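Biologist: I'm new to this one, so could you walk me through it once it is on the screen?
Modeller: Gladly, let's put it up and then go through it topic by topic.

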Amino acid sequence: MRVRAGNETARFHHTFGWRIGGGRGVRPKRARFGWLIFSDASLGPTDQSLKDALAQNGLVDGSTVNILYRFAGGNLTRVPALAEELVAQKPDVPIAIGGDLTKALFDASKGSIAVVGGVSDDPVWIGLASSLARLGKNFAGVTFLTNEMVAKRIELLKEIAPVTKRVAVIFNPQHLDDELTFARKAAQSLSIEITSHPINSVGEIDAALRSAKESGANSLFVIASRLTRLVAGRIAQYGLEQRLPVITAWREFVTNGALLPFGPSLVFKAKRVAGYVEKVLKGARPADLPIEQPVKFELVVNLKTARIIGLTLDRSFQLRTDYLIE
């Protein structure tokens with residue numbers, strides 16, 4: 001079969017299409033994806049980047065593939081039922097971005113379908129993999145987890161705010177990772193005290209911030225997760241009101257007013273998920289694929305926030321950043 005260069009539809013059918021029955025003129029069957037999305041049909045930047053990457057690889061909804069969407073509308077309580085609905089449709093590849101969504105699909109499939117996704121939880125802790133190097137289970141994808149980068153964030157915080165002596169850590173204990181432990185170790189080496197302030201729901205953020213204030217913290221460290229991202233605006237507002245630096249991992253926090261995110265690019269990692277979708281469609285066994293860990297990191301600084309809270313960032317530090325937000 002000859003495929004013309006630039007013909008994405010033909011390229012997809014040549015690579016992924018399979019024929020029903022036999023003989024000439026039999027059209028390839030389209031692969032079907034089951035896509036579970038936390039928000040609504042107006043995709044956020046992370047999900048949109050995955051959709052764009054799939055299209056660039058010839059996986060175009062309604063043309064070369066069919067995508068069955070389920071939207072949680074920002075309500076996590078709907079996720080398990082929606083995951084069950086999608087798996088019941090027997091898609092060739094269920095996909096999702098987010099450990100909560102991906103784990104729901106994985107649990108609903110009971111190992112019968114290869115689930116592809118991107119997670120910020122520890123994939124071993126939440127049961128998606130036996131190890132990062134060799135999954136041993138029916139999951140393939142990437143992790144946004146960057147425990148090793150926690151120490152660097154603490155170091156950056158101390159560099160830009162040398163008076164930092166006590167750091168309040170805002171985190172979701174239901175988000176399974178070990179960043180708090182890594183933060184404590186890094187802080188100890190710099191004679192910084194860590195206080196922890198967990199939130200299990202959006203409604204608990206104000207109490208956590210009051211607790212942080214009572215602890216005497218003069219900086220905030222936010223462990224990135226879906227929940228802390230939902231309250232990013234409130235945390236940033238508190239930082240501005242109290243003139244405290246807020247440091248975290250994901251660039252998305254900076255648009256809400258956080259001072260300094262340093263970590264993996266969620267948009268870049270979401271695009272990498274598309275590569276795993278291709279591998280699974282080509283017949284790769286997820287159990288044999290390693291989970292891809294972050295290799296591209298972004299240092300972003302919100303200069304407006306720095307001015308408001310009274311921090312002066314020298315020119316050499318600014319030159320080290322990937323993005324400066326005025």
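**Strands, pockets and odd residues**

Modeller: Strand 13 and strand 14 run parallel and are joined by three bridges; helices (H or I, at least four residues) and strands (E, at least two) are DSSP runs numbered from the N terminus, and two strands pair if DSSP finds at least two bridges between them. This is a predicted model, in which local features need pLDDT of at least 70, side-chain atom pairs count only at pLDDT 80 or more, and totals for chains, interfaces and linings use all residues. Residues are numbered from 1 along each chain as its sequence is written, and side-chain values use heavy atoms, with hydrogens and water left out.

Biologist: Which residue in strand 14 is the bridge partner of Val-300?
Modeller: The partner of Val-300 there is Tyr-323.

Biologist: And how does strand 13 pair with strand 12?
Modeller: Strand 12 (residues 260–264) and strand 13 (residues 297–302) pair in the antiparallel sense, over three bridges, and Gly-263 stands opposite Glu-298 of strand 13.

Biologist: Is strand 13 mostly covered or mostly open?
Modeller: Strand 13 is mostly covered, since five of its six residues are buried, where buried means under 20% relative accessible area, exposed over 50%, and partly exposed in between (1.4 Å probe, protein chains only).

Biologist: What is the strand order in the whole sheet?
Modeller: The sheet is open and has seven strands in the order 9-8-10-11-12-13-14, with mixed pairing. Its edge strands, each pairing on one side only, are strand 9 (193–198) and strand 14 (323–325).

Biologist: New topic: where does Arg-184 lie?
Modeller: Arg-184 is in helix 6 (residues 179–189), and it counts as partly exposed because its relative accessible area is 38%. Leaving aside neighbours within four places in sequence, Arg-184 is in contact (heavy atoms within 4.5 Å) with Ile-194 and Ser-196.

Biologist: Which residues have a positive phi although they are not glycine?
Modeller: Ser-191, with a phi of about 60°, and Arg-243, with about 55°, are two such residues. Most residues other than glycine have a negative phi. Ser-191 is found in the loop between helix 6 and strand 9, and it is called exposed because its relative accessible area is 59%. Arg-243 is found in the loop between helix 9 (232–242) and strand 11 (246–248).

Biologist: What about empty space, say, how much lies in the largest pocket?
Modeller: The largest pocket holds about 860 Å³. On a 1 Å grid over the protein atoms alone, a pocket is an open set of points with protein on both sides within 12 Å along at least five of seven lines, a cavity is a set where a 1.4 Å probe fits but cannot get out, and lining residues have an atom within 4 Å of a point.

Biologist: Which residues lie nearest the pocket's centre?
Modeller: Of the 39 residues that line the largest pocket, Phe-38, Leu-76, Asp-100, Arg-226 and Leu-227 lie nearest its centre. Helix 4 gives the largest share of that lining, five residues.

Biologist: How many cavities of 30 Å³ or more are there?
Modeller: The count comes to one, and about 50 Å³ of space lies in the largest cavity. Its lining includes Ser-120, Phe-144, His-175, Asp-177 and Trp-250.

Notes: Points joined across faces, edges and corners; volume = space filled by probe spheres on them.
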